[in-house]
Amino acid sequence: MKIQLLSFGIARDLLGSSSIEIEITNETSIESFKKIILKQFPKIASVSSYAIAVNEEYANDSLVLKENDVVAIIPPVSGG
């Protein structure tokens, strides 16, 4: 099944795009998805931590993805 991956900030730079279509299997959890992303885009390992949002809501590692979900990688943000 296909999902859309959005990336922001440093994650966008490391993935090389702000929007990528990713093919995953049924019953893929966020935890598994993080491993898939790390395998396909090893540079993302340089980001010490990041949040994952699914369909504009923060998601925990146990959430199972569905066809056409929009997943966003949200790196840490600093400001002043």
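The following paragraphs lead from the overall fold of this protein to the pairing of two of its strands. The structure is a predicted model, and every value given below was computed from it.

It helps to begin with the elements of the fold, since the protein contains 2 helices and 5 strands. If you follow the chain along its sequence, these elements appear in the pattern β-α-β-α-β-β-β. The radius of gyration of the protein is 12 Å, close to the 12 Å that the globule rule gives for 80 residues, so the protein is as compact as a globular protein of that length. Along the principal axes, its C-alpha atoms fill a box of roughly 40 × 25 × 20 Å.

The next step is to ask how the chain is packed and what it shows to the outside. Of the 80 residues in the protein, 34% are buried. Among the contacts with a separation of 6 or more, 52% are made by residues 24 or more positions apart. The accessible surface of the protein comes to about 5100 Å², and carbon and sulfur atoms account for 51% of that area. As for charge, the protein carries 7 positive and 10 negative charges, whose mean positions lie 8 Å apart.

Two strands can now be viewed in more detail. Strand S1, residues 2-7, runs antiparallel to strand S2 and is joined to S2 by 5 bridges; within this pairing, Ile3 has Ile22 of S2 as its bridge partner. Strand S2, which spans residues 19-23, has two faces: Ile20 and Ile22 form the covered one, whereas Ser19, Glu21 and Glu23 form the uncovered one. Ile22 therefore belongs to the covered face of S2 and is also the bridge partner of Ile3.

Terms used:
Residues are numbered from 1 along each chain as its sequence is written. This is a predicted model: local features need pLDDT of at least 70, side-chain atom pairs count only at pLDDT 80 or more; totals for chains, interfaces and linings use all residues. Side-chain values use heavy atoms; hydrogens and water are left out. Helices (H or I, at least four residues) and strands (E, at least two) are DSSP runs, numbered from the N terminus. The radius of gyration is taken over C-alpha atoms; the globule rule is 2.2 Å times the number of residues to the power 0.38. Buried means under 20% relative accessible area, exposed over 50%, partly exposed in between (1.4 Å probe, protein chains only). Contact means heavy atoms within 4.5 Å. Accessible areas come from the Shrake-Rupley method with a 1.4 Å probe; for residues, only the protein chains shown count as cover. Lys and Arg count as positive and Asp and Glu as negative; His and the chain ends are not counted. The place of a charge is taken as NZ of Lys, CZ of Arg, CG of Asp or CD of Glu. Two strands pair if DSSP finds at least two bridges between them.
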